[in-house]
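Visitor: Could you walk me through this model and show me how to read its features?
Guide: Gladly; let us look at it together.

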Amino acid sequence: ETIQLTADEETARDAEEATWAAGENGRSLAGMREDRNRLLAETDFYALSDVTMADAMTTYRQDLRDLPAGKTTKAHVDAATWPTKPAA
């Protein structure tokens, strides 16, 4: 059975949807940072003092850290080019 919303309920629902849509960029950027942080964590052991990090790995890690720079919209996040992890 379909229940019709009242005018107040429709207004409240529209406000909820607008708030959700307005947060799209923030959610996209947060997701990118989570993925970036996971990839950095996977290579943290290369940064230990008793390990010599290859130049390619240093570049990869720096590229990951630089990734969110300049990304302000979901479209920017979706179009981002992720660096390729070098062979160990």
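What follows is a conversation about a predicted model.

Visitor: Let me start with the charged side chains. How many salt bridges does a search of the whole structure find?

Guide: To read a salt bridge, look for a side-chain nitrogen of Lys or Arg within 4 Å of a carboxyl oxygen of Asp or Glu. Searching the whole structure with that in mind gives five salt bridges.

Visitor: Which residue meets Arg13 in a salt bridge?

Guide: The partner is Glu16, with an N to O distance of 3.1 Å. Arg13 and Glu16 are three residues apart in helix H1, so about one helical turn separates them. Arg13 is partly exposed, at 41% relative accessibility, and Glu16 is also partly exposed, at 45%.

Visitor: Which residues are joined with Arg13 into one network?

Guide: Before I answer that, let me take the bridge that reaches across the chain. Asp44 pairs with Arg61, and their closest N and O atoms are 3.2 Å apart. This pair links distant parts of the chain, with Asp44 in the loop between H2 and helix H3 (55-66) and Arg61 in helix H3, 17 residues apart. Now to your network: Arg13, Glu16 and Glu17 are joined by salt bridges that share partners.

Visitor: Are Asp44 and Arg61 buried or exposed?

Guide: The reading rests on relative accessible area: under 20% is buried, over 50% is exposed, and anything in between is partly exposed. Asp44 has 40%, so Asp44 is partly exposed. Arg61 has 10%, so Arg61 counts as buried.

Visitor: And what about helix H2: which side chains meet in a salt bridge there?

Guide: Look at Glu42 and Arg38, whose side chains come together at 3.2 Å, N to O. Both belong to helix H2 and sit four residues apart, about one turn of the helix. Both ends of the bridge are partly exposed: Glu42 has a relative accessible area of 38%, and Arg38 has 43%.

Visitor: Some charged residues are not in a bridge. Where do Asp8, Glu9, Glu10 and Asp14 gather?

Guide: A charge patch is read by picking residues with over 30% relative accessible area and no salt bridge, then joining like charges within 9 Å. Here Asp8, Glu9, Glu10 and Asp14 form a patch of negative charge on the surface. Take Asp14 as an example: Asp14 belongs to helix H1 (residues 7-22) and is partly exposed, with a relative accessible area of 47%.

Visitor: Which residues make the nonpolar surface patch?

Guide: The idea carries over, with nonpolar side chains joined within 5 Å. Phe45, Leu48 and Val51 make a nonpolar surface patch of about 250 Å². Val51 sits in the loop between H2 and H3, and a relative accessibility of 31% makes Val51 partly exposed.

Visitor: Now the interior. Which residues form the largest nonpolar core?

Guide: For a core, look for buried nonpolar residues joined through side-chain atoms within 4.5 Å. The largest one has six residues: Leu39, Leu40, Tyr46, Met57, Tyr60 and Leu64. H2 and H3 are the elements that give two or more residues to this core. H3 supplies the largest share, three residues.

Visitor: How do I compare distance along the chain with distance in space?

Guide: Set the sequence separation beside the C-alpha to C-alpha distance for a chosen pair. Arg61 and Leu39 are 22 residues apart in sequence and 8.6 Å apart in space. Recall that Arg61 is found in helix H3, while Leu39 is one of the residues of the largest nonpolar core.

Visitor: What is the distance in space between Gly26 and Asp44?

Guide: Those two are 26 Å apart, C-alpha to C-alpha, with their positions 18 residues apart in sequence. Gly26 lies in helix H2 (residues 24-42) and is partly exposed, at 44% relative accessible area.

Visitor: May I have one further pair to practise on?

Guide: Try Gly31 and Asp66, which are 35 residues apart along the chain, with their C-alpha atoms separated by 15 Å. Gly31 is in helix H2, and a relative accessibility of 26% makes Gly31 partly exposed.

Technical notes:
Residues are numbered from 1 along each chain as its sequence is written. This is a predicted model: local features need pLDDT of at least 70, side-chain atom pairs count only at pLDDT 80 or more; totals for chains, interfaces and linings use all residues. Side-chain values use heavy atoms; hydrogens and water are left out. Buried means under 20% relative accessible area, exposed over 50%, partly exposed in between (1.4 Å probe, protein chains only). Accessible areas come from the Shrake-Rupley method with a 1.4 Å probe; for residues, only the protein chains shown count as cover. Lys and Arg count as positive and Asp and Glu as negative; His and the chain ends are not counted. The place of a charge is taken as NZ of Lys, CZ of Arg, CG of Asp or CD of Glu.
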